[in-house]
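Visitor: I would like to learn how to read a few features of a protein model. Please show me the model, and we can take the features in turn.

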Amino acid sequence: MSELTQYAILLGLTFGTVGLVLSIYALARAIGRARAEPAKDVPATAGTLARDPVWVRYHAKYYGYALLFLAFDMEMAFMYPWAVVYREEGLVALLDMGVFLAILFLGLLYGWSQGALRRQ
Amino acid sequence: MSIAMILLALAVGCYAVAVLESWAVHGRLSLTRPATSALALLGREQIMPRTPDRLFFESGPVLLLVAGLLSVAVIPLAPGLIITDLAIGALFLNAALAYVLVALIMAGWGPNGAYGMIGGWRFLGQFIAYAMLIVMPITAVAMRAESLSTTQIVLSQAALWNVAYQPIGFVLFVIAAMGVAWLPPIDLPTGGGDLAGGVEAEYTGARLAVLRLARLVIIVALASATVTFYLGGWLGPWLPGWVWTALKTLAVAAGMLALGSRLPRLREAKYLELSWKLGITLALANIFLVGVIALVVPI
Amino acid sequence: MGRDLALLAPELTLAAAAMLMIVAEMFRAARLVLAIGLAGLAAATLLTLPMLSVDATVFGGTYRIDLISGWAKLILLPGTALSLLLVRAEITGRPREGSVQSLVVLVTLGALMLSGAGDMMVVVIGVVLTGLGSFALVAWPRDDAATEAAMKYLVFGAVTGSVMIYGLTFWFGGTGSTLFSELGQLQGQTLVTIAGLIAIIVGLGYKGSLVPFHFWAPDAYQGAPVSIAAYLSVITKAAAFFAFAQVLRDLPRDGGWPLALAVIAAATMTYGYLAALVQTNLVRLIAYSSVAQSGYFLMGVVALGASGFAVPGILVFAAAYVAMNLGAFAVVLLAGRDLGDLEGFGRTRPWLGAAMVVFLLSLTGIPPLFGFVGKFYLLSAAVEAGYLWLAIIGVLNSVLALGVYLRLMVPMYRTSSTEHPSEVGAVLTQGTVVVTVLATLLIGLAAGILPGP
Amino acid sequence: MPLLTIATFLPILAGLALMALPDRSTKKAHTVSIAATGAVFLITLGIWARGIVAGDFAQVEEIAWIPAIGAAYRLGVDGLSLPLVLLTSLLFLLSALYSARIGERAASYVVLMLMLETASLGTFMALDGLLFYVFFEVSLVGMYFMIAGWGYEERQRAALMFFLYTLVGSLPLLLAIIGLYLGSGTFDMRVWVEGTTLGGLPAMLALIAMLVTFAVKIPAFPVHTWLPAAHVQAPTAGSVILAGVMLKFGTYGLVRFAYQMTPEAFAQAGQVILAFGVVSALYGAFAALAQSDLKKMIAYTSVNHMGYVVMGVAIAALATEPRIRTIALDGATLQMVSHGLVTGALFFLVGMLQDRAHTRGIGDFGGLLGRVPWLGWAFILSAFASLGLPGLAHFPAEFQIFLATLNGMPWGLIAILAIVVTAALYLRAIAGVFLGEMNDKWADMPDLDRREKLVVLPLLVLTVLIGVAPGRLIDMIHTTMTGLGN
Amino acid sequence: MIPELMIALSVGAALFGVGLYGALSQTNLVMIIMGVELILAAALLNLVAFWRYLHPDVTAAKMFVLIVMAVMAVEMAVGFGIAIARFRSRGSVEMEEARELKG
């Protein structure tokens, strides 16, 4: 299987999934329709209706983590290729990545010491 | 051919997991329960909440299902029995799972309801906690296999399963996987009692059915990924490969479900704190240990 | 590998120092942070000295250890050390002082990467490292002005930086290599050359605050603490021009880029001084004046490859610029941020006033001060490269410069009742003033120690 | 003994020493000032005694400075610069003596003064283009602070004007120096004065640049407007230095740089330059005639006298005969020295008058000759010298210039008209201030005291001496100018 | 010229255009950063296309891609860090409201 075929299969899978969902919806609709009744569509808010849309600010208390996460997530982009060739390269690779991870870990520790890992 | 078989296996697996879950939740083993509740869901009327973000509301469940199916696509059931044997299978799995977050946030945001939205945002926090613990153990696995292909990863465990080779990674991965699939005790987005269903709160009828189905697929995907990465995949004596994979997957799923029902729910802040302060440290240590072992022992 | 690491000793030392500073900051030991930083900078400077005559590349040609990067270290490292003192003087005891210090050193590390860049990736990393660190430094006070400054700075930086990366990809497409030493292969591929060149001008021009990419500079300097403004105005800017030198010296001169840069240079100097003429905020005034100084830097860039004076000119002017601009900012730190604060300053604080006069005259380019030597080299470079008109504009702008700086000098010697109390940390600031004023006065006379054509 | 270096840097070292002293009292400051300038004067006499050589620079002192670009510390003298060096050291000594009563921030004043002396001597003796420019500009900064700090009513404005004008003026010179450097690869002015460094258009551009610079400094019409303001507002010693020494930078540069380094271009532009010289001479004279302020009047006569110098140099460039060239250059150089002495004396005298009366208007005085005979006769003598009376300093100089003009470009002789005007204005000034009815206000005005006599007398003696027996000085000038004439 | 390369470059140019327009026309800091990410995505596409069609043996291209991705991430991280700081001091991350510093 060539790479392109593989991705074509994955794309097909995606469309198939969407199709599956649509057919489930069609099935459900075939069974019966919703009756229009007042106040049925109120979101679950203990019965009272919010005046504004709820899409207002949500305090992401974890943004300190989020910033750290970005750094660490990026690091993975470097680590996957490294991991694959790790055994070929041997000790040098371990040292290289050791330095890299040590610095990264230092960053984590620093963030920790500055309160980034605290509930904000 | 293999695609159909895998999808069939997936369907069976989902049903089995559903049975297991209801057993874990209700304490009674009932083989028909999932079927009846699915039918009930389909028969129930679908309510569209007022003033929703229609696009997000509709696409959330679909995307979730797509994410789950795409992750399954790179899991080998047996040698050759795999939808797409990508050279970067493990990475692809990662990428597919990242959409779980997107889907859940969309599902939480879409209906314009407070509980759903809080559930979605909470999952973002949860994601930040588990994401690194998914990828870092996989790195260690890839180091041993010298490849990101899931087939190669299974083959690399011929001499010794990774669960023994890198137990720290295994534990971390399982915990993180439970986070991805928002299994108790880290089921923050749906949040059982305190959020009235969280992201599921506004979904009804067929949409809820799709949402639940997607989650089952994700549980199966993660359990089978655990098997692939740590429990030797199809490797095993006497029985055919696909049976081993299926058995191991069900066992892992059962284990995860059982574990969850015994523990009190974790607050998001606590989960974050644990995974960053303890989890990341352990994951780095795991990588380092695997690195040293890989240099010393040629297996 | 071992050779590469040996050649990188100064950079590695500095990196290690930065890490140690961060560790020390974790224990909130601000004084220790400062001590480690200064020690690291001193060690790195000393390690550079024996390497000045080296001309080599490391890591497969991606990083250059040559005249430019060697002198860049000699210029930037002491400049950073002085900046650390200023930072210490200004924000002693405030929260996260050590973090600021560590960031300063890290940004300098990025500046060193820029000045030694032999590869597109190194330039990108250098730009990002200096940029991101600078944004954080500017935002440090976290008040309205600082966050606004940081936001503007960030937006400009992110947009120009990404445009630069996009453009550089075309150079990669044209040469099949990310090395600048391969840029000669672009001969004849005019379109590709221009695409990459625009990118470089946008990216590094932003860093060097060239017109029209200068808008962030006055805002950022004004919003940031004075010491940080001082640091940013000298170190990152000088680094940008070192990077210009590293990148463009291998580019064929046929793309018409020298002319384009010459036009930018002329516009930068003229606009910078004209804008400075109407400022009332001292920091903004110096910010615009340093925009104008960028135009002079660019004269050296224009002459790259056509005059032996170009590279030494950039280096010498950078050295002078670091000394005099840091000094001027140090005086501002003591005098106050408003033009009115200078009223009578020369009478109540005669020595500091005299030092300020020296800095301003040097910025104008009056011999035998250091700034003159730098400008002389740059003017020579422009003339030799055939850009007499640019040199003439440069010379004419000295007149505008004089107007700008006289606006500071004249009120300093007016009698007034403004009090100039000595402030906290004044000793360190005054120490910085002494060092910079000596450099400004003496190195100009001892110009023989500087690199020549 | 590197006498040139010692002479150049002794003043500034003395100044630095003064700054380092814990006790910087007025008295001590002036003691240091007089001692230093006196020593420098003696040293320059020593330099004179060592003599110069024909056709080259003498007593050259050279040390590497910026070897990478071929700039070096090079000093030397020839028949053009040595008279100016002597003039400089003398005027500074006298200024130091005169200034000894300044009490306001005396230490700073003295330091500036000494810095100016270093810069002035350095400018005349530098044999390195870069070094020359350095000294040239330093003098500017020093003078700016002197005017701004110790001048009269509108000193800030005058200082600013002076600074802006001369800085703007000096920048083109920088470009010219860069051009000369790039043409020759060295900053050695001995190479540049060969006159072959540049040719064609570059030479013309360089010449224009240099002319702009020196015209401002000389000052020639129409870029002279800073001069009256600066002279009037400067403290007396400042005016003396400015007129006596710093205007000579312009004429010195005109000969040394413009004439010697770009001779062909200079010859091509000779008519224009001559015209500027003539216009300056005439304009200076007429403008002086219109003044009622004594100091301003003398300032304008400087424009007039310097116009003659420009004429002399231009004639030298235009003339075909070497003999005429030599005469013209001799005259021009002598004119520089004479002007320094005479105008120096005039400014001192006006300063003394102002110290007593606190006014400078011609109309405010009257009949002072009887009251202050020393002052009066000294002024009259100097004024006669200034208007070019035979037997006094300006006569031999202007005579030679006009002689050369007659032989070279006769139309230039219309400048002689200026002499008539000058005579008229001086007579008017003498009549207004010293003759006529005495103003009672000044009834108890004291005459010159010993210090003041000490300041003025040497200048008067030299004025007469040069007028009567200019031989020795002309010989010295001639030694070099014969070479330049060819 | 290779047609696939041209297609890739055109898509890249389109991404770049959209990104630049977004970065220059939006007033919200977060939206501007999104524009910047688009520009970088264009750069990534260019790099990969050049690598794939013109210089398939050059590994530096892949490294460049990784570095650009890292740049995207850190730029976003710092950008959001500053956005948060701004939000805390001002309550908004609109560039239009940033008018305090001028002169």
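Visitor: Is D:R74 buried or exposed?

Guide: This is a predicted model, and that applies to every value here. A residue counts as buried when its relative accessible area is under 20%. D:R74 has a relative accessible area of 7%, so D:R74 is buried.

Visitor: Where in chain D is the place of D:R74?

Guide: D:R74 lies in strand β2 of chain D, which covers residues 71-77.

Visitor: With which side chains does the side chain of D:R74 make a polar contact?

Guide: One partner is the side chain of D:D128, at 2.4 Å. Another is the side chain of D:D188, at 3.5 Å. Leaving aside neighbours within four places in sequence, D:R74 is also in contact with other residues, including D:E61, D:E62, D:M125, D:L131, D:F187 and D:R190.

Visitor: Now the interfaces. How many residues of chain B are in contact with chain A?

Guide: A first step is to count the residues on each side. Here 79 residues of chain B touch 58 residues of chain A. The next step is the buried area, which is about 6000 Å² between chain B and chain A, with carbon and sulfur atoms giving 74% of that area. On the chain B side, B:R50, B:E146 and B:W276 supply 11% of the area buried against chain A, more than any other three residues.

Visitor: How many salt bridges and polar contacts are there between chain B and chain A?

Guide: The rule finds 0 salt bridges across this interface. For polar contacts, the count is 3 residue pairs, both residues being at pLDDT 80 or more.

Visitor: Which elements give two or more residues to the side of chain B that touches chain A?

Guide: They are α1 (2-26), α2 (33-43), α3 (54-73), α4 (89-109), α5 (114-145), α9 (205-230) and α11 (268-296) of chain B. Of these, α5(B) gives the most, with 19 residues. By residue type, that side of chain B divides into 52 nonpolar, 13 polar and 14 charged.

Visitor: What do the same steps give for chain A and chain C?

Guide: Again, begin with the residues. In this interface 6 residues of chain A are in contact with 8 residues of chain C. The two chains bury about 730 Å² between them, 65% of it on carbon and sulfur atoms. A:L106, A:Y110 and A:Q114 lose the most area in chain A, together 69% of what that side buries. Across the interface there are 0 salt bridges by the rule, and 4 residue pairs in polar contact, both at pLDDT 80 or more. The chain A side divides into 4 nonpolar, 2 polar and no charged residues.

Conventions:
Residues numbered from 1 in each chain as written. Chains lettered and ligands numbered in written order. Predicted model: local features only at pLDDT ≥ 70, side-chain atom pairs only at ≥ 80, totals over all residues. Heavy atoms only, no water. Contact = heavy atoms within 4.5 Å. Buried area = accessible area lost by both parts, 1.4 Å probe. Salt bridge = Lys/Arg side-chain N within 4 Å of Asp/Glu carboxyl O. Polar contact = N/O pair within 3.5 Å; in protein donor to acceptor, adjacent residues only side chain to side chain. Helix = DSSP H or I, 4+ residues; strand = E, 2+ residues; numbered from the N terminus. Nonpolar A, V, L, I, M, F, W, Y, C, P; charged D, E, K, R; others polar. Buried < 20%, exposed > 50% of the residue type's maximum accessible area, 1.4 Å probe, protein only.
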